[in-house]
Amino acid sequence: MSQVLHTPPPTQAPAGDDLAALAARHGLSVSGARPSLPEYVRQLWARRHFISAFATAKLTAQYSQAKLGQIWQVMNPLLNAAVYYFIFGVLLNTKHNVPDYVPFLVTGVFIWTFTQSSIMAGTRAISGNLGLVRALHFPRAALPISFALQQLQQLLFSMAALIVILLAFGVPVAVSWVLAIPALVLQFTFNAGVSMIVARMGAKTPDIAQLMPFVLRTWMYVSGVMWSIDKITSHDKLPHLVTILLELNPAAVYIDLMRFALIDSFHAASLPPHVWAAATGWALLAGIGGFIYFWKAEETYGRG
Amino acid sequence: MAEQTPGNPGHPEHSEQVPTVVADSVDIVYRVNGTGAGRGTATAALNRILRRKQAEKAAGVRKVHAVRKVSFVAYKGEAIGLIGTNGSGKSTLLKAVAGLLPVENGHIYTDGQPSLLGVNAAMMNDLTGERNVFLGGLAMGMPREQVKERYQDIVDFSGINEKGDFITLPMRTYSSGMAARLRFSIAAAKDHDVLLIDEALATGDRSFQKRSEARIRELRQHAGTVFLVSHNNKSIRDTCERVLWLERGELRMDGPTEEVMKEYEAFTGDKKPAPKKPAPKSAAPKPDAKAAGSPEAKAAGSPEAKAAANPETPAAGNPETPKVPLPS
């Protein structure tokens with residue numbers, strides 16, 4: 001065709017200044033600009049129903065092809081606990097001098113899994129949902145928060161299973177069980193914050209998702225999921241700094257809080273000092289810091 | 001170009017023109033990892049991670065310049081068609097107007113938040129149609145009460161329940177036509193300020209197409225401005241009074257529908273310049289072999305042509321999905 005490269009195009013676009021001035025005169029705003037922090041919070045709040053609906057939908061979709069359907073929500077954690085009981089309780093018979101070892105272990109596993117899967121889901125929150133990010137306009141923080149919420153819902157099923165296990169192993173119902181609620185709220189805030197941090201990193205460098213399982217596994221082994229930090233630190237063979245680090249590790253803090261709340265033989269003496277302060281501090285630090293860190297890159301998500 | 005539109009029929013009520021979208025020499029560039037020099041090797045990948053900005057080229061990051069220096073002003077009450085052969089940057093431009101893709105240079109100013117008619121991404125195949133209506137509606141930013149209120153309208157419009165109670169079945173059991181109809185119905189249920197439609201009219205059977213075209217006209221009356229990307233010349237003629245023609249990311253023409261379409265059809269060669277014949281039924285007039293082949297033919301001659309055919313330009317085939325590593 002003769003005109004394939006025919007230039008210039010027959011439009012006379014006004015000069016840039018004119019267009020900018022025209023836009024300003026009619027109060028147009030720049031498309032896709034990052035909103036201010038208060039505005040961002042407002043937008044996010046306006047999407048709260050989407051966040052919860054998306055989390056629930058993901059959770060439901062998970063087992064929708066299975067014959068037993070939603071029964072797996074409870075079966076899954078129960079089987080998980082059974083495996084850990086089989087390995088640590090029966091095969092190795094390692095109790096680490098911990099009373100009520102099975103409830104101790106299962107609580108640790110469930111609470112740890114909550115943090116672990118929130119972070120794993122967080123790394124893929126943006127990079128795994130590019131279709132959504134590129135098609136619809138919403139505050140992107142909705143995605144990592146929604147995934148963390150999905151894990152929280154999952155954990156509530158696990159907690160139901162946990163209560164069955166606790167009662168089966170003769171742990172009495174106590175008023176202190178109520179403390180599980182603030183502990184979970186704090187842990188959720190912490191998880192959501194860390195999810196947002198890794199979501200931003202994962203959006204820029206998807207390779208993070210490959211690396212994260214190794215980081216998380218290491219983290220799990222130092223968090224006292226299968227053993228009691230208290231027993232180790234009380235031997236006093238460790239340098240003071242290591243003791244402090246072990247005790248302040250957020251995962252360990254949340255796990256110990258939950259054990260303290262649920263298991264009567266896990267006394268306050270086994271808790272690290274200032275445990276509620278540490279739990280709150282980590283939640284605020286990760287929650288607020290993660291949110292701001294995520295918001296800072298809001299306009300860049302979805303660029304591929 | 002502001003002067004080109006007032007004479008058009010279709011929005012006589014707007015005597016004073018209010019701009020809703022202003023694009024000011026917009027450039028959009030995609031960066032694709034793992035192509036070009038040293039592609040796929042471990043060292044190149046390492047380079048890319050370590051020296052992100054400085055050594056993009058050395059590390060095999062390829063830039064695809066999808067939209068170049070496009071400027072236009074869209075006014076309230078206009079329906080604007082976007083045409084161009086595959087890979088000319090139409091969808092990319094729409095995404096940038098919607099604020100979903102960052103621009104490299106220039107600015108896009110909008111009145112309110114333009115929305116792309118693309119709800120597909122939020123929907124989950126394993127869930128029932130019913131839950132997807134809620135999820136899709138919420139994802140588009142409709143308040144929960146509004147979704148509830150419009151739920152029945154959405155289902156009725158989609159016609160999913162015409163042949164039985166299918167809305168309570170998982171979407172994976174739907175035929176592709178049914179799923180597409182439900183998606184369009186959800187997307188069209190919201191009131192939009194500036195509405196961007198990317199190839200949405202080709203879905204469903206004939207009766208559904210008629211309904212959806214009617215719905216788009218209705219949306220246009222509420223919406224400030226409608227942009228429509230389509231390869232179906234007939235639906236462009238039916239819905240739009242102004243057309244932007246993009247070719248290789250450049251704005252080639254901007255004017256009243258009939259004028260631009262005439263040139264475009266001559267360009268794609270699928271019709272004689274005389275524009276009176278009925279448009280073909282098939283959706284997309286493919287760019288013919290001559291049109292696609294000619295840049296190379298001309299590249300030998302003019303320097304412009306060389307610039308246009310350099311590796312930064314999307315290959316004639318596929319920049320609709322430029323994120324996929326291009327074979328080199």
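**Briefing: strands, salt bridges and cores**

Met253(B) sits in strand 9 of chain B. The model is a predicted one. Strand 9 (250-256) belongs to a mixed, open sheet of six strands in chain B, ordered 5-6-7-3-8-9. Across all chains, the structure holds twelve salt bridges, and its largest nonpolar core has 133 residues.

**Sheet of chain B**

- Strand 5 (115-116) and strand 9 (250-256) of chain B are the edge strands; each has a single partner strand, so one side of each lacks a neighbour in the sheet.
- Met253(B), in strand 9 of chain B, counts as buried because its relative accessible area is 15%, and the cut-off for buried is under 20%.
- Met253(B) and Val243(B) are ten residues apart along the chain, and their C-alpha atoms are 7.8 Å apart.
- Strand 5 of chain B runs parallel to strand 6 of chain B, and two bridges join them; Ser115(B) has Leu195(B) of strand 6 as its bridge partner.
- Strand 6 (residues 194-198) of chain B has four of its five residues buried, and is thus mostly covered.
- Five bridges connect strand 6 of chain B with strand 7 of chain B in the parallel sense; in this pairing, Val194(B) is matched with Thr225(B) of strand 7.
- Strand 7 (residues 225-229) of chain B also pairs in the parallel sense with strand 3 (residues 79-83) of chain B, over four bridges; here Ala79(B) has Val226(B) as its bridge partner.

**Salt bridges**

- Arg242(B) and Glu78(B) form a salt bridge whose closest N and O atoms are 3.0 Å apart.
- This pair links distant parts of the chain, 164 residues apart: Arg242(B) is in strand 8 (residues 242-247) of chain B, and Glu78(B) is in the loop between strand 2 (62-75) and strand 3 of chain B.
- Arg242(B) also forms a salt bridge with Asp254(B), with the closest N and O atoms 3.0 Å apart.
- Arg242(B) is in strand 8 and Asp254(B) in strand 9 of chain B, so this pair ties together parts twelve residues apart in sequence.
- Glu78(B), Arg242(B) and Asp254(B) are thereby linked in a salt-bridge network. Their relative accessibilities are 0% for Glu78(B), 1% for Arg242(B) and 5% for Asp254(B); each of these residues is buried.
- In chain A, Arg259(A) forms a salt bridge with Asp256(A), the closest N and O atoms being 3.5 Å apart. Both residues are buried, and both lie in helix 12 (residues 250-262), three residues apart, or about one turn of the helix.

**Cores**

- Leu143(A), Leu262(A) and Leu182(B) touch the most other members of the 133-residue core.
- A second, separate core has 30 residues, among them Leu82(B), Ala96(B), Val194(B) and Phe227(B).
- Beyond its neighbours within four places in sequence, Leu262(A) contacts Met159(A), Leu162(A), Leu166(A), Val171(A), Trp177(A) and Ala180(A).

**Other sites in chain A**

- Ser195(A), in helix 8 (residues 180-204), is buried at 0% relative accessibility.
- Residues up to four places away in sequence aside, Ser195(A) touches Ser118(A), Ile119(A), Gly122(A), Pro144(A) and Ala148(A).
- Val83(A), Tyr85(A), Phe86(A), Ile87(A), Val90(A), Leu91(A), Leu92(A) and Phe169(A) make a nonpolar surface patch of about 730 Å².
- Phe86(A), one of the patch residues, lies in helix 4 (residues 72-91) and is partly exposed, with a relative accessible area of 47%.

How values were computed
Residues numbered from 1 in each chain as written. Chains lettered and ligands numbered in written order. Predicted model: local features only at pLDDT ≥ 70, side-chain atom pairs only at ≥ 80, totals over all residues. Heavy atoms only, no water. Buried < 20%, exposed > 50% of the residue type's maximum accessible area, 1.4 Å probe, protein only. Contact = heavy atoms within 4.5 Å. Core = buried A, V, L, I, M, F, W, Y, C linked by side-chain atoms within 4.5 Å. Patch = residues over 30% accessible without salt bridge, like charges linked within 9 Å, V, L, I, M, F, W, Y side chains within 5 Å. Areas by Shrake-Rupley, 256 points an atom, 1.4 Å probe, with all protein chains shown as cover. Salt bridge = Lys/Arg side-chain N within 4 Å of Asp/Glu carboxyl O. Pairing = 2+ DSSP bridges.
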